[in-house]
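Please walk me through this model in the viewer, stop by stop. At each stop, tell me what to select and what is there.

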Amino acid sequence: MPTPYFEQALGRFEEHVREFDSKYLSKGEIPKDYGFRPYRFCVRDAVLGLAVVKYGRREDLLVVDVCLTADPPQFPPHSGTKIVMISLLCEAFKCGAKLEIKFTENVEGGRVPFAVYKLARHLGVTLSHIDEGHISPAEARQLFMVLTGFSAASSQKLMQLAVEEKVSPERVCFMVHNGVWELPEMESILLGSGQPERIILGTSLPEVRALYLNDLLFARAALLGSFLDRKLARRERGDEEQVLELEGDARRFGISFDPAFYAKIYSAEEPLLVPWIEEDESWVPAGGRIVAMVRARTVADIELHFEDDLATAAKMMESYGRQKENFFYLLYPRDFRDLPQDVKESITESLRGIGVGPMICPEMAEKLDVDAAKRLEKARVIRR
Amino acid sequence: MSKTSVLLVRLPGEATLAENSELFGLMKEATGVEVKLAKGANLEQERTRYWLLCERIESIAQNLAGLQGQLEELGEEYLRALALMVEAFASYSPSLRLGATYYAADQVQEHVRGFAEVAQKLGLAGLPDVKKRIRFLRKVASEGGVVVELQNPYRLGAVKESGKWGEKFVKLPVSDQITSVGNGSLVDQTRELVALAVESKKKGLSGHLNFSNTRNDLIPQVLREFVYGANGNDPVQIEIVYSDGSEARPFPLFCLRPLAEEAKARIVTLPEVKVGLLSARHPELDSLVAFYWFRNQEISETRAMAQTDEIAYEKSVQLLRRLKKEGGYRISLYQTGFPPAVVGFYRALVDELAADPDSRPWIEVTPCFFLGGEYVQGAPWC
């Protein structure tokens, strides 16, 4: 249901688009942060939000001149407002502002938009400057954290890192939305590595090999895990001649992370096709769980540490139980395929012996390292 | 969380096996690369080379470990201690080689001596893993041999509750105030923002400045007031952030005192030189200036603004030290509007002046800005 301000805001948005076009687009220029920039947020053919923002250099905050959000019934509640708010928070962080947001007179008469207020209340965040049209840095921090959607364990870890003054939560949230590390990757880093702050800050340099190697090994594992996330989520529609992949059409499942075993747990909300296994086709039914122990090892490391991995896998099975809804796998990179045939067979046999299937991702550890190194380098310069 | 174990492998020092001989050759080559890395030359290429060499060294050690190696296993605690040591003593001594994963026969002795010393200084010498490592390396140093460190990550860890941090977290100092800055001139507004950042910093909150979109003449003008205008304020480091989300080194404020009259009189005896900040930006300056401080090709590359700021800072530190050795100069600096270069330059200037304030005056920098169709001089930094 449009608010009384809807028509006015839509008109204002169109004005901004025209101005943006004549001032920048038509001249092939990119606006400075302190110039208004209009954004439209869509999924396929549905518009979820419109916003116009600029960096207010006078007050060092993000100025929002249009903030319209939609809540189409086909999407989960608050989808539009969530997307717009995440974008505003990232923009405030990126511009170098102190994460304060100010809504101008053109946004519901200079108040924090009602949809934003509703969302904040739904998320348990109290906004105290609604009439002044401001979201304070403290409120923005809380919103950023809950909107990013960390698990309870990751939130605790994040708070611990903030209390110990190692990493600011805003930075971690920004990195997730900026694609440096996706949420499941970030959770693996936060919970799985001994010194997550080093990976998040990109502290180690390659010349301090021991620390850099350790960071890279955990960054590599986070990436290997996320290859599996994406593979499981991919739903291909179409026929034998044409395969269709649609935006917002991912398979539904929950992802959690077990730091003790460095394992990813996928709880299927619909049947999931298990990828990268020797069997032709294996489906995990809705309600079932895939428990995949992630071991991003090179050829030499697989051979050297397999006994260790096998013993851990056995303990993991004990811990999760052998119920029929649990499906256990040991995920290695493609390096596994480069092992001598007899070693491969022996590893496969040993794993099957305890009820764990080998799962071989088509990526090599070396390639994962290149990607991980780039992300560590990118992390090094992101604002703290 | 899962655990990482570090395996120390001691291999005989003599080249009795063909693999050993390759191993020693690789170690020698890698040590050569370390020297180049320390100089900062061809960083990207040398880092790749170093990575490949170390990988090969570790792979050979892995193969030989079972056959002829003596082993010692360390836990996660060693890596945590190492991180603290590297943070505090990275540039302690080049022969210390903190964080290396191999030690040739002639490197073990020096390394273990330095490692034990650093551990002692940081109060880490009592940690079991640190003790174990020192004991193992001392034995190798006395008996001879080389050492390679191997890592085994993702080992079974304890399910550790990370505790209830929520209560402490909500007490963290984060501003719950909203901002309202006056409608003064741009210079007043910039001044007000710096003052706000200083206030936040004093309250223990994050105090940062973003000059990405600030007019280039305002940056030195306003910063100068805060660098020299202590007025009872303790020195403070303000975080510098840029609009691409990157963060550079902090900028020191309230850290310089104005020069005494007698010292000011000596400045005029220094040779004068006109310098452009950045080449190839304003060709009309070519005939006016003696040289450019930065080459545009090096500074204006596509990279994060904080990286550019860091490069500008490092180059400026080097150049300023050279100028100081030459006896000092009075520089008229013709500025261009590229904030990371401007901030990097002035941070280097302040750091160099503050590092040895009694050596002043050896430099005077007078910024010149293009305003209203002509170059206007700003206040000098010395």
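Start with the lining of the second largest cavity, which by class has two nonpolar, four polar and one charged residues. To display this lining, select A:S193, A:G194, A:Q195, A:I199, A:N214, A:D215 and A:F218. The coordinates are those of a predicted model. The space enclosed at this stop comes to about 30 Å³, and the structure has two cavities of 30 Å³ or more. Now colour helix α9 of chain A, residues 209-233: with three residues, α9 gives the most to the lining of this second largest cavity.

Next, stay in chain A and select helix α2, residues 79-94, together with helix α3, residues 114-123. Their axes come within 10 Å and cross at roughly 95°. An angle of 65 to 115 degrees counts as roughly perpendicular, and α2(A) and α3(A) are therefore roughly perpendicular to each other. Show side chains where the two helices meet: A:T81, A:K82 and A:M85 make the contact from α2(A), and A:A115, A:V116 and A:L119 make it from α3(A). Sorted by class, the residues of this contact are four nonpolar, one polar and one charged.

From there, move to A:H78, in the loop between β3 (61-69) and α2 of chain A. What is the sign of phi at A:H78? Phi is positive here, about 65°, although A:H78 is not a glycine.

Now bring both chains into view and select the residues of chain A that touch chain B. There are 74 of them, in contact with 65 residues of chain B. Between them, chain A and chain B bury about 5900 Å², and carbon and sulfur atoms carry 57% of that area. On the chain A side, pick out A:R58, A:R209 and A:V381, the residues that lose the most area to chain B. Together these three account for 13% of what the chain A side buries.

The last stop is in chain B. Select B:P361, in the loop that lies between α12 (339-355) and β11 (363-371). Add B:R360 to the selection and look at the peptide bond that joins B:R360 to B:P361. Is this bond cis or trans? The bond is cis, with omega at about 5°.

Note on methods. Residues numbered from 1 in each chain as written. Chains lettered and ligands numbered in written order. Predicted model: local features only at pLDDT ≥ 70, side-chain atom pairs only at ≥ 80, totals over all residues. Heavy atoms only, no water. 1 Å grid on protein atoms, 1.4 Å probe; cavity = no way out; pocket = protein on both sides within 12 Å on 5 of 7 lines; lining within 4 Å. Points joined across faces, edges and corners; volume = space filled by probe spheres on them. Helix = DSSP H or I, 4+ residues; strand = E, 2+ residues; numbered from the N terminus. Nonpolar A, V, L, I, M, F, W, Y, C, P; charged D, E, K, R; others polar. Axes fitted to C-alpha atoms, helices over the stretch in contact; angles between N-to-C directions. Parallel < 35°, antiparallel > 145°, perpendicular 65-115°, else oblique. Contact = heavy atoms within 4.5 Å. Buried area = accessible area lost by both parts, 1.4 Å probe.
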